[in-house]
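Let's take a walk through this model, helix by helix, with a stop at a loop and a couple of cysteines. Keep the viewer open as we go.

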Amino acid sequence: MSLQSEINRRRTFAIISHPDAGKTTLTEKLLLFGGAIHVAGAVKSNKIRKTATSDWMEIEKQRGISVATSVMGFEYDGYKINILDTPGHQDFAEDTFRTLTAVDSVIIVVDAAKGVEVQTRKLMNVCRMRNTPIMVFINKLDREGRDPFDLMDELEDELGISVRPLTWPISMGATFKGVYNFYRDNMQLYTPNKQTISQSVEVDVNSDELDKKIGKRDAARLREDMELINGVYEDFNKELYLDGLLAPIFFGSALNNFGVKELLDCFIEVAPAPRPVKAIERVVKPHEKDFTGFVFKIHANMDPNHRSSIAFVKICSGKFERNVYYKHVRHEKMMRFSSPTAFMAQKKETVDEAFAGDIVGLPDTGNFKIGDTLTNGEELHFKGLPSFSPEMFMYLENADPMKTKQLEKGINQLMDEGVAQLFINQYNNRKIIGTVGQLQFEVIQYRLLHEYNARCRWEPIFLYKACWIESDDEQELENFKERKTQYMAKDKEGRDVFLADSSYILQMAQQDFKNIRFHFTSEF
Ligand code: G4P
């Protein structure tokens, strides 16, 4: 197959949701359709979130599993599908944000009874920042949920983009009958059964047959709904979807295998093949002959005897080959990889080649950090792996002065992996660790001890936000830094960061220093 067609048949995406909306169940059903797994219950990676926050040992166990399920590839109908898993636990949100930089589109799962929830909203914002094409699967129609029109309105408001239903539910809960498929102009009738695939029925909506199949009342309601939908919503426009301006909506029940195949069949047809990726120097197109890629995730091996990890590389262009020398741009050195892995369903296997859109795992012993670029030799830096302003902060204290070196090394490597962010307070030179969740502090402490033999202690510090600052007015920037000297820090790259201890202080600073820009992500 030509390079062109290999790339065109790839669909790389993530499924995202608020915990419990049904992401794991949907992922599993997609794998079942792809023949990648044969029994339900095989995908448990994101069950992490269900364990108590302090149950770190459990999480460690889970992490072992999630290496295999971080990327799930399978073949379906001539397409190569790569699903990137995102951690369910909200304390790992930063990991999720980064994974979203490596996908070409997303499917958002929403619980029909709950609508848009906190975590959904945050993830949607990230998608919007990047104009990522979005499809929405409204799940759990087998239970009583909210009115579908209300859900549409809410999604439109919250997503900030237009929506267009491509399937539409016929009743719900105990009387759920099925969905009408606008995309194919047919109807799927529902049989509550977790293992069988739904039946599709060709039916003319204006015929008596519809009344016979779903009853007079529901038939009348469906005709009314359809009239309203076709009146209110524009026809589905693929271009708008690809530009991230329109989200097609599907209804179903992942648990009952219902509406999932309709979603998948439409997805492979309309979802984007690998898209161009911006580097600082230029835009890289997937079909370019030369290989380029970037590291978006590093997965540490939790076995203390093997301090190796896997760097996950998203291939942005061309073809990656085993044992060929590529340039590690930050280190300015050529490297080759003898055992790159690809991820097929639950298995990891060594591959000889992979194409733009694919993810390869490179065994690593500390050469990589998040955001690193690999190329055929070109000096190129991919951007788009922002750090977000952390929400929790602690001073890092060395609890074993004999192990200072180990602590330094451990902290540096963990930060390269993107576990948390390190800031150095410029006033007292103390190290501050910022995270998005409490869990990270436990993770760091545990891993420092078990992987680096170093001990740390946390000391509380009350901060509201850390924001990156910059200005064209150097004098004002200097004045600001002088005035706020106790609250100034540097991030790992040496950029200026202002540590605001309350929202009021931040507001005042923004008011008083109009020529300074305060950023809440590291990419500006
Ligand atoms: P998540 O990954 O988004 O967090 O959600 P997950 O798939 O784990 O689903 C959360 C719960 O919702 C699970 O129940 C799952 O069985 C249920 N669920 C998923 N899809 C549907 C659906 O279409 N209809 C109904 N009624 N329930 C659904 P659980 O009891 O928490 O877990 P489990 O013991 O079943 O694994």
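An axis here is a line fitted to C-alpha atoms, for helices over the stretch in contact, and angles run from 0 to 180 degrees between N-to-C directions. Keep in mind that this is a predicted model.

With that in hand, go to helix H11 (residues 404–417) and helix H12 (residues 438–452). Their axes are 10 Å apart, and the two helices pack at an angle of about 120°. What do we call that arrangement of H11 and H12? Angles of 65 to 115 degrees count as roughly perpendicular and those over 145 as roughly antiparallel, so H11 and H12 are oblique to each other. As for handedness, the crossing of H11 past H12 is right-handed.

Next, scroll back to helix H5, which covers residues 118–129. A quick sanity check on its geometry: with twelve residues at 1.5 Å a residue, H5 should span 16 Å, and its end C-alpha atoms are 17 Å apart, which agrees. Now colour the helix by burial. Gln-119, Thr-120, Leu-123, Met-124, Val-126 and Cys-127 are the buried residues of H5. Looking down the axis of H5, you find these buried residues within an arc of 160°, so they line one face of the helix. Just beyond, H5 is followed by Asn-131, which has a positive phi, near 55°.

Cys-127 deserves a second look. Its relative accessibility is 2%, so this cysteine counts as buried, the cut-off being under 20%. Cys-316 is buried too, with a relative accessible area of 1%. How many disulfides does the structure hold? The count is zero.

Helix H13 (residues 474–483) lets you try the burial exercise again. Here Glu-476, Leu-477 and Phe-480 are buried. They cover an arc of only 100° around the axis, so they sit on the same side of H13. Turn to the other side of H13 and you meet Glu-474, Gln-475 and Glu-482, which are exposed.

Last stop: a loop. Phe-337 lies between strand S18 (333–335) and strand S19 (341–344), in the loop that separates them. Is Phe-337 buried or exposed? Its relative accessibility is 6%, so Phe-337 counts as buried. Pro-363 is 26 residues away from Phe-337 along the chain, yet their C-alpha atoms are separated by 8.1 Å.

Methods: Residues numbered from 1 in each chain as written. Predicted model: local features only at pLDDT ≥ 70, side-chain atom pairs only at ≥ 80, totals over all residues. Heavy atoms only, no water. Helix = DSSP H or I, 4+ residues; strand = E, 2+ residues; numbered from the N terminus. Expected span 1.5 Å × (residues − 1). Buried < 20%, exposed > 50% of the residue type's maximum accessible area, 1.4 Å probe, protein only. Arc of directions from axis to C-beta. Disulfide = S-S within 2.5 Å. Parallel < 35°, antiparallel > 145°, perpendicular 65-115°, else oblique. Left-handed = near helix turned anticlockwise from the far one by under 90°.
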